[in-house]
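Please open the coordinates in your viewer and keep the selection panel at hand. The tour below goes from one selection to the next and says what is found at each stop.

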Protein chains: 2
Amino acid sequence: MIPNRAFRPAPVTARDKLLEAAVKLVRRQGFAGTSVEQLCGEAGVTKGAFFHHFASKEALGVAAAEYWSASTGAFFAEAPFHHLPDPVDRVLGYIDLRIALIGGPAESFSCVAGTLVQEAFRSSAAIRVAAESSIMGNARALEADLDAAVRQCGIEGTTGASLARHVQAVIQGAFVLAKTQPESGAADLAREQLAHLRRYFVLLFGRDAQEE
Amino acid sequence: MIPNRAFRPAPVTARDKLLEAAVKLVRRQGFAGTSVEQLCGEAGVTKGAFFHHFASKEALGVAAAEYWSASTGAFFAEAPFHHLPDPVDRVLGYIDLRIALIGGPAESFSCVAGTLVQEAFRSSAAIRVAAESSIMGNARALEADLDAAVRQCGIEGTTGASLARHVQAVIQGAFVLAKTQPESGAADLAREQLAHLRRYFVLLFGRDAQEE
DNA sequence: TGTCGCATACCGACCGGTTGGTATGATAAT
DNA sequence: ATTATCATACCAACCGGTCGGTATGCGACA
């Protein structure tokens with residue numbers, strides 16, 4: 001759930017500018033903590049434009065989760081680790097990429113879907129479902145590689161799908177812990193969690209040497 | 001960060017009733033999504049009582065994090081796993097207890113400090129610090145056992161403190177993932193994450209058989 | 001070619017309700 | 001008599017959302 005502004009094309013329409021503003025402000029202040037007027041100010045549009053494109057603030061939240069999902073999904077789909085021949089290497093390659101993407105203050109690497117669902121899981125079913133799609137979609141993208149790795153190494157007692165969910169859990173947990181830190185220490189604490197996840201997989205898949 | 005109402009004495013003063021209401025409503029709706037009037041309604045007191053005991057809504061947030069920290073800290077400090085002779089068993093005992101405490105809808109087992117910090121880490125330094133104390137305090141309570149386990153097993157490349165932080169990260173991540181699910185599936189998904197954490201520790205500390 | 005009909009995109013003033021917070025007073029214990 | 005603990009009444013600011021209106025563009029048809 002990472003790519004920053006630089007990875008995406010600059011938004012042109014009011015709708016895209018609002019979605020971009022939503023990503024930025026929700027990561028920094030949360031959803032309930034961000035007003036429609038603030039969103040409009042950040043996007044440089046008016047309230048009229050906002051409610052022309054979105055039926056409600058909740059609808060903007062849903063659209064932001066989908067927008068986030070689409071842009072991060074595309075980013076990871078293009079990543080070079082997919083071309084590695086060994087499935088275990090592909091999994092570790094994903095984790096290493098996630099580690100490399102963590103840097104700066106927490107709001108620059110944390111996840112919109114995770115923030116949204118933590119606030120709105122009970123008050124808005126639509127937002128909960130959109131966040132679920134985003135996070136579980138990320139997990140599903142790892143499932144094939146993890147399944148292959150599980151098969152290849154003869155692992156028992158778990159599945160690729162379950163391990164893929166755990167990857168997402170550790171990432172989300174890393175973001176929460178990072179937010180407890182002052183700006184300077186946030187990224188290090190988050191990376192530490194991904195490093196533990198990596199060690200878990202190295203132990204599980206019996207990979208002693210490390211690459212990268 | 002678990003104990004439910006049943007673990008704590010019934011609140012008597014208006015202050016305690018407000019803190020109890022804060023725990024309940026923040027877990028369900030988040031901090032920004034909960035109004036002062038709602039808090040007062042849940043606690044059965046008036047706004048006058050609220051602002052007599054707390055200088056601001058933010059101050060209530062800080063106090064709620066501290067209240068949460070104190071009650072959960074006391075609960076885990078009393079748990080029987082501390083009497084196990086082997087430090088690895090104590091660590092696994094903690095995880096098993098956490099797994100046992102997960103059940104019902106997400107708002108009944110998730111963490112107030114994690115929810116607070118996710119929303120308010122940038123807008124309120126006081127809340128961020130209070131949440132950090134809560135979460136890292138939980139980690140510190142595990143540090144001695146994990147350090148002993150690391151020493152006993154001759155683990156290299158990490159420390160008890162780092163592993164203790166990872167335990168908290170997985171717990172927080174489990175809660176975020178749980179909130180993406182409909183009520184019926186939330187607890188299972190959260191427990192799955194703790195099971196992976198347990199497997200990590202079993203692999204790391206070379207513990208093949210399992211107890212419990 | 002011009003223009004009519006209509007849809008899309010957007011503006012900004014405005015509305016009723018809610019928000020966090022305050023001022024003041026009542027009650028009861030010390 | 002004083003102080004701690006609340007209740008009542010109230011306020012200005014802000015909230016999400018609405019509404020009447022404008023600018024632009026596009027296809028149909030005379």
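What percentage of the interface residues of chain A are also interface residues in chain B? Select the interface residues of chain A in this predicted model: 100% of them are also interface residues in chain B, so the copies meet through the same surface.

Next, superpose the two protein chains. Chain A can be laid on chain B with an RMSD of 0.0 Å by a turn of 180° and a shift of 0.0 Å along the axis, and the two copies are thus related as by a two-fold rotation axis. To find this axis from chain A, select A:G173, whose C-alpha is the nearest to the axis in that chain, at 1.8 Å.

Now turn to DNA strand D and display the 14 residues around it, of which A:V36, A:K47, A:K57, B:T46 and B:H53 come nearest. On the DNA side, sugar and phosphate make up 51% of the strand D atoms that come within 4 Å of the protein. By residue class, the surface near DNA strand D holds five nonpolar, seven polar and two charged residues.

Colour helix 3 (47-53) in chain A and helix 3 (47-53) in chain B, since each supplies at least two residues of the surface near DNA strand D; the largest share, four residues, comes from helix 3 of chain B.

Finally, show the phosphate oxygens of DNA strand D. One is 2.6 Å from a polar side-chain atom of B:T46, and a polar side-chain atom of B:H52 lies 3.3 Å from a phosphate oxygen. At A:K57, by contrast, display the backbone, where a polar atom is 2.8 Å from a phosphate oxygen of the strand.

Conventions: Residues numbered from 1 in each chain as written. Chains lettered and ligands numbered in written order. Predicted model: local features only at pLDDT ≥ 70, side-chain atom pairs only at ≥ 80, totals over all residues. Heavy atoms only, no water. Least-squares fit on C-alpha atoms with pLDDT ≥ 70 in both. Contact = heavy atoms within 4.5 Å. Near = heavy atom within 4 Å. Polar contact = N/O pair within 3.5 Å; in protein donor to acceptor, adjacent residues only side chain to side chain. Nonpolar A, V, L, I, M, F, W, Y, C, P; charged D, E, K, R; others polar.
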